[in-house]
Amino acid sequence: MNEPTTPVTDSDSVAAVDLGSNSFHMVVGRVVDDTHFHIVDRLRERVALAAGFDEHHELTDKVQERALACLERFGQRLREFPEGRVRAVGTSAMRQASNAKAFLARAQAALGHHIEIIAGSEEARLIYLGVSHTLADDRGRRLVIDIGGGSTELIVGERFEPIRMDSLGMGCVGYSLRFFVDGKIRAEDFRKAEIAARLKLEPIERRYLEANWENCVGSSGTITAVDAILRANGWSDRGITAAGLRQLKKALIAAGNIHKIAGLAGVQADRAPVLPGGVAILLALFEGLQIEHMAISTGSMREGLLYDLLGRIRHEDVRDQTIRQLCQRYNVDMAQAGRVERLALHCFHQVREAWGLDPEVGQQLVGWAARLHEIGLSVAFSGYHKHSAYLVANSDMPGFSRADQELLAAMLLGQRKRLTREVFAGLPNSEAELAKSLTICLRVALRLARSRSPTPLPPFTATARRGALELGFLPDWIEAHPLTFADLLEEGEKLREIGFELRVR
């Protein structure tokens, strides 16, 4: 593990933690002008999460303990950082692990900060964000490739905007274990690994060949390791070339075993066990995408996480842009969504202290759910709450973690009709309680806005205690709106099924 530099724990610092399938990384940056940062600390440990699966595809106790010990060390470094200044994410191995939720709870306790498990598309977006900030801000399309321990991300983009993103389920750890059994390296093993990688690439190969990218850039892990080896052996003096890769392949086959390639110039000892699989994937990409030269970026997903975090701090959250795009795609009635959002937030702000709800997180989730609650109407009116929930749970949503999408989907599923405990059963206990509380605010707002009238409602009071909510209206308003009053009474009956009391006066 690299030695840390002098700790920086002031309010101008931000940190990113990447729980990769091969290595865990942490970077700390000091914000210098509200849009850029200087890296002041880096930590890296090879945990080999993707090599720690048992026959049930669960992370073994041994690899979990290794990972938790690493996160405890990272956590010591981040102890003084506020929650909003740290973003930690898990990638391919954590996406695949069947016991990921149980491990995630222990990992968060060890790190002392929230950890998101992100989708492959979000991983690709963050990689491009990190890489693009290290390159010249010029026009022209570029192809960015990142080979990780469990997956490979490909992105075509221009300047700071990704245009196409894909995540393929092949990585240096998995391929090394699968094709180079017991550490043996043979020509036949390379042939099989390259064919397997080409088969993974084949469904998207044509689209990338026709994407009109002008240069290719690689980042992190396998790619930076291969670049160092090619330069150390004189096989390339600027980035990775197809000819240099073929030279490296010959050298690995000549060594015959991963234990012998550690003596090859430029090979780091902890990279040797996963190098053959990574090289095979890189060879397949060069051949399939007709790459002759790949430049190397110093930026990666860790830097992308920091830039994304800066955006959130500056209230330029990519998640808000994602919500806008979904609303446009599914032709949401934004006037109605706005009415529901205002009413739901009015309720939320009055109940949050009594129910112990985080003001920032709760406000975001209520706002997003209100804006998205009718996207399912694009499928059908019947059961549109189910369609809305399905679309949110299964769409690519840049900026959102899996947990974010699952929580939002639960809120949308619970927005109307019967509300049962099963709606929130798939969420961790703490998130299930949060989702239930926010869903009640959303349901109240939907009842009040049912007429879709542009006439604003008079202010109402919401008095909360644990398991109960009392709504207060002006007497003459209730008399003038008997249908809404009846609607709220019906809502009280439905909430009683989950042991919640709603009263109206």
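This is a short tour of the structure, stop by stop, with a selection to make at each one. Keep in mind that you are looking at a predicted model.

**Stop 1: the largest pocket**

Start by selecting His 114, Arg 319, Val 361, Gln 364 and Asp 404, which are the residues closest to the centre of the largest pocket among the 45 that line it. The volume here is about 1,500 Å³. Next, colour domain 1 (10–118 + 305–309) and domain 3 (317–458): both give residues to the lining, so the pocket lies between them.

Which helix gives the most to this lining? Select residues 359–372 and you have it: helix H14 contributes 9 residues. If you colour the lining by class, expect 18 nonpolar, 10 polar and 17 charged residues.

**Stop 2: a tilted pair of rings**

Now turn to the aromatic side chains, where the structure holds 8 aromatic pairs. Show Phe 37 and Tyr 307 as sticks for one of them: the ring centres are 4.6 Å apart and the planes meet at 50 degrees, so the pair counts as tilted. Zoom out to see what this contact joins, since Phe 37 belongs to strand E3 (residues 37–46) and Tyr 307 to helix H11 (residues 301–313). The two are 270 residues apart, and the pair links distant parts of the chain. Are these two residues buried or exposed? Both Phe 37 and Tyr 307 are buried.

While the aromatic residues are on display, select Phe 460, Phe 473 and Trp 477 as well, as these three form one aromatic cluster.

**Stop 3: charges over rings**

Two arginines are worth a look next. Select Arg 178 with Tyr 175: the arginine lies over the face of the tyrosine, 5.8 Å from the ring centre. Then move to Arg 416 and Phe 381, where the charged end of the arginine sits over the phenylalanine ring at 5.6 Å from its centre.

**Stop 4: two positive phi angles**

A word of background for this stop: most residues other than glycine have a negative phi. Select Ser 220, whose phi is near 60 degrees, a positive value in a residue that is not glycine. You will find Ser 220 in the loop between strand E9 (215–219) and helix H7 (221–232). Its relative accessibility is 11%, under the 20% limit, so Ser 220 counts as buried.

Go on to Gln 290, which has a positive phi of about 55 degrees although it is not a glycine either. Gln 290 sits in the loop between helix H10 (275–288) and strand E11 (293–297). Here the relative accessible area is 59%, over the 50% limit, so Gln 290 counts as exposed.

**Stop 5: two loops around helix H17**

Finish with helix H17 (429–448). Select Gly 426 in the loop between helix H16 (402–413) and H17. Gly 426 is partly exposed, with a relative accessible area of 46%. For a distance to check in the viewer, pick the C-alpha atoms of Gly 426 and Lys 62: they are separated by 27 Å, with their positions 364 residues apart along the chain.

Ser 453 is in the loop between H17 and strand E12 (461–465). At 28% relative accessibility, Ser 453 counts as partly exposed. Add Gly 338 to the selection for the last distance of the tour: Ser 453 and Gly 338 are 115 residues apart in sequence and 12 Å apart in space, C-alpha to C-alpha.

Methods
Residues are numbered from 1 along each chain as its sequence is written. This is a predicted model: local features need pLDDT of at least 70, side-chain atom pairs count only at pLDDT 80 or more; totals for chains, interfaces and linings use all residues. Side-chain values use heavy atoms; hydrogens and water are left out. On a 1 Å grid over the protein atoms alone, a cavity is a set of points where a 1.4 Å probe fits but cannot get out, and a pocket is an open set with protein on both sides within 12 Å along at least five of seven lines; lining residues have an atom within 4 Å of a point. Grid points are joined across faces, edges and corners, and a volume is the space filled by probe spheres set on the points. Helices (H or I, at least four residues) and strands (E, at least two) are DSSP runs, numbered from the N terminus. Ala, Val, Leu, Ile, Met, Phe, Trp, Tyr, Cys and Pro count as nonpolar, Asp, Glu, Lys and Arg as charged, and the others, Gly among them, as polar. Domain bounds come from an automatic or database domain assignment. Buried means under 20% relative accessible area, exposed over 50%, partly exposed in between (1.4 Å probe, protein chains only). Rings of Phe, Tyr and Trp (its six-membered ring) pair if their centres lie within 6.5 Å; planes under 30 degrees apart count as stacked, over 60 as edge-to-face and the rest as tilted. A charge sits over a ring if NZ of Lys or CZ of Arg is within 6 Å of the ring centre and within 35 degrees of the ring normal.
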